Amino acid sequence: MKADKSLLNGSATLLVLSLLSGEDMYGYQMIAQLEARSDHTFSMKEGTLYPILHALEKDGAVDSYEKAAPTGRTRKYYHITKKGLRLLGEKREEWTTFSQAVNAVLAGSAPALA
C-alpha cells in the first residue's frame, strides 16, 4: 500500500538527511534507496527531491560535489554536513514526538465499525 503523499511531504527532509547520514549519494540513488528501504511504501519524484536538496544545500545542511561514474558520466553527489547532522537529530526528535502522539491517539480510539 502506498502512503498518502502528504505524509511523505511532511517527513521528506528527515528521510533525505537520514539517507545521507549513511553515505554520500546522488539523486537517483536516493530515490531508489528510499523505495527499497521502505519496501516500496515511499516513492519520491525528482521534482520533490531536488528542491529539498537545493534548500538543504543553501542552508548548509548538505554539500554537493561532482564525481565521474564508472560509465564515465559525471554525477552530482550530496554529502551531509555537521549542520545537517544536527538538523537530522532535531528532525528525528520531532518525528519521535509526533509519532508517539499519533500512536497515543490511535491506541485510545474506538474500535472500527463493521
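Two strands pair if DSSP finds at least two bridges between them. By that rule, strand 2 and strand 3 (residues 74-80) are joined by 7 bridges and run antiparallel. Helices (H or I, at least four residues) and strands (E, at least two) are DSSP runs, numbered from the N terminus.

This is a predicted model: local features need pLDDT of at least 70, side-chain atom pairs count only at pLDDT 80 or more, and totals for chains, interfaces and linings use all residues. Residues are numbered from 1 along each chain as its sequence is written, and side-chain values use heavy atoms, with hydrogens and water left out.

## Overall layout

The protein has 4 helices and 3 strands. From the N terminus, the order of elements is α-β-α-α-β-β-α. Of its 114 residues, 29% count as buried. Buried means under 20% relative accessible area, exposed means over 50%, and partly exposed lies in between (1.4 Å probe, protein chains only). Contact means heavy atoms within 4.5 Å. Among contacts between residues at least 6 apart in sequence, 50% join residues at least 24 apart.

## The sheet

Strands of a sheet pair through backbone hydrogen bonds, either parallel or antiparallel. Here the 3 strands form an open sheet in the order 1-3-2, with antiparallel pairing. Strand 1 (25-26) and strand 2 (62-68) are the edge strands, and each pairs on one side only. Strand 1 meets strand 3 over 2 bridges, in the antiparallel sense. The table gives residues that stand opposite each other or are bridge partners.

| Residue | Partner in strand 3 |
|---|---|
| Tyr26 | Tyr77 |
| Ser64 | Tyr78 |
| Lys67 | Arg75 |
| Ala68 | Thr74 |

Strand 2 and strand 3 also form a hairpin, with 5 residues between the strands. In this hairpin, Gly72 takes a positive phi near 95°.

## Helix 2 against helix 3

Two packed helices are described by the angle between their axes and the distance between the axes. The axes of helix 2 (residues 27-37) and helix 3 (residues 46-59) come within 10 Å and cross at roughly 115°. Axes are lines fitted to C-alpha atoms, for helices over the stretch in contact, and angles run from 0 to 180 degrees between N-to-C directions. The crossing is right-handed. A crossing is left-handed if the near helix is turned anticlockwise from the far one by less than a right angle, and right-handed if clockwise.

Which residues make the contact? Helix 2 supplies Gly27, Tyr28, Met30 and Ile31. Helix 3 supplies Glu46, Leu49, Tyr50 and Leu53. By class, the contact has 6 nonpolar, 1 polar and 1 charged residues. Ala, Val, Leu, Ile, Met, Phe, Trp, Tyr, Cys and Pro count as nonpolar, Asp, Glu, Lys and Arg as charged, and the others, Gly among them, as polar.

## The core and Met30

A nonpolar core is a set of buried Ala, Val, Leu, Ile, Met, Phe, Trp, Tyr and Cys residues joined through side-chain atoms within 4.5 Å. The largest such core has 22 residues. Those with the most contacts inside it are Val16, Leu17, Leu20, Met30, Leu49, Leu53 and Leu56. Helix 1 (5-22), helix 2, helix 3, strand 3 and helix 4 (82-107) each supply at least two residues of this core. Helix 1 gives the most, with 7 residues.

Met30 is found in helix 2. Is Met30 buried or exposed? Met30 has a relative accessible area of 2%, so it counts as buried. The buried residues of helix 2 are Gly27, Gln29, Met30, Ile31 and Leu34. Setting aside neighbours within four places in sequence, Met30 is in contact with Val16, Leu19, Leu20, Met25, Leu49, Leu53 and Tyr78. Met30 and Leu15 are 15 residues apart in sequence and 9.5 Å apart in space, C-alpha to C-alpha.

## After helix 2

Asp39 follows helix 2. It lies in the loop between helix 2 and helix 3. Phi of Asp39 is near 55°, a positive value in a residue other than glycine. Asp39 is exposed, with a relative accessible area of 64%.

His40 lies in the loop between helix 2 and helix 3. Its phi is positive, about 65°, although His40 is not a glycine. His40 has 48% relative accessibility, so it counts as partly exposed.
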